[in-house]
Amino acid sequence: MSSSLLDPDWDSLGAECWNDWKKSGDYLKQDEEYRTPVAFDTETTGFGWFDELFCVTVAWRRPNGELASHYLEIESAASANAAIARMILSEAHRLIGHNLRFDLQMVERKGIIAWDAMPVYKWEDTETICHLLNENKRKGLKFVAEHLLGETTNESKDLAAHRRHLGVKKDEGYHVLDRAVLMPYAIKDAEFTLRIWEKLHPVVAAEEELLALYRREMKLMDVLATMYRSGMRVDKPALGEAIKAWSVRLLAAENAVREAGKDEGLNPSSPDQLLAAFKRCGVTTVTETNKDYLAPIAERDSEAGALARAILEYRSVQKIYKTYLIGLRDEIGDEDVFHVNIRQNGAITGRTSSGAEKGDD
């Protein structure tokens, strides 16, 4: 394993980034008309509230128009590279991101830069621009880069092969990957974001009403981010009691399915075992176990009807127990606050949606 590739000299790479940025800064001082928008992206251990970033990538245009892009591995908020990222993000004329709110909150949570040090008037979000221009089209960064910029990337395939080589799964995060494999793609994400903004922002800026709507969306992003960061307080003792009560109900519902299905070892989550249970109840025409199919059967006054009702009840109880109660417990961790993630651009027809963050494929 080559230390130069898999364990780079992070301080040297950070110094290169800083020197490159200072050259742009020197030009900025000489020409007040020159402004430096910076696109940035973060790589993180996951997409949840408790996950952390481990790198920041940045991209901007040098005074001669050349594209500058760098990777900053962030070990802690006190590291030299964190200080470099802090300076660049605070000095940038514009901060551009694709799903910018996620990256802003990640650099804040890492302690790199305070939220108030990144004022809304600096914000530019290419995902929001894509949504405003065509709400029905996919907005993932790689998709937009391919269809707008004509770029192609083997990132998904290469990273999947690398994970197989390492013996890790995708949900284990990007931080477990060798940086020699990850770095080029991480840097490309910042470059793609800058180039997408350069192409699409003039389209928005050309229409006064659309530009006003876009700036209002940036203010809304700040409001939604504040809600996410503040969260909703949870009564943990009450949640614990609810989990206990519903675990008893779930066990009872599971036993009811087994009793109705005439099999003490029946797995209520196995479609094949449920179909076999219907045969034991004298019904051989049942071919599916989804809700829509079972609902009419559940209305029958028969053994098959009792089994269908037991299955539907079990699934209802299981959803409340696992999805809502256990899901809420896992989301709040050691805290007593639930951070609600509202996707500003997550649905068409002008609505918002909520749910877990996703990658930018």
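**Close-up views of a predicted model**

**View 1. Leu95 of strand S4 is bridged to Trp123 in S5.** This is a predicted model, and here we're looking at where S4 meets strand S5, residues 123-125. The two strands run parallel, and three bridges join them. One thing to keep in mind when picking side chains here: in a regular strand they alternate between the two faces of the sheet.

**View 2. Strand S4 also pairs with strand S1.** Slide over to S1, which covers residues 37-44, while S4 covers residues 94-97. The pairing is again parallel, with three bridges. Which residue of S4 is the bridge partner of Val38? That would be Leu95, the residue that has Trp123 as its bridge partner in S5. So much for the strands.

**View 3. Four acidic side chains make a patch of negative charge on the surface.** The members are Asp9, Asp11, Glu16 and Glu75. Glu16 has its place in helix H2, which spans residues 10-30. Is Glu16 buried, partly exposed or exposed? Its relative accessibility is 48%, so Glu16 counts as partly exposed; the exposed label needs over 50%.

**View 4. Zooming out, the whole protein has 13 helices and nine strands.** The C-alpha trace spans about 85 × 55 × 45 Å along its principal axes. Of the 361 residues in the protein, 44% are buried. Helix H2, with Glu16 in it, and the strand pairs S1 with S4 and S4 with S5 are the pieces to look for when getting your bearings.

Key: Residues are numbered from 1 along each chain as its sequence is written. This is a predicted model: local features need pLDDT of at least 70, side-chain atom pairs count only at pLDDT 80 or more; totals for chains, interfaces and linings use all residues. Side-chain values use heavy atoms; hydrogens and water are left out. Patches are made of residues with over 30% relative accessible area and no salt bridge: like charges are joined within 9 Å, nonpolar side chains (Val, Leu, Ile, Met, Phe, Trp, Tyr) within 5 Å. Accessible areas come from the Shrake-Rupley method with a 1.4 Å probe; for residues, only the protein chains shown count as cover. Lys and Arg count as positive and Asp and Glu as negative; His and the chain ends are not counted. The place of a charge is taken as NZ of Lys, CZ of Arg, CG of Asp or CD of Glu. Helices (H or I, at least four residues) and strands (E, at least two) are DSSP runs, numbered from the N terminus. Buried means under 20% relative accessible area, exposed over 50%, partly exposed in between (1.4 Å probe, protein chains only). Two strands pair if DSSP finds at least two bridges between them.
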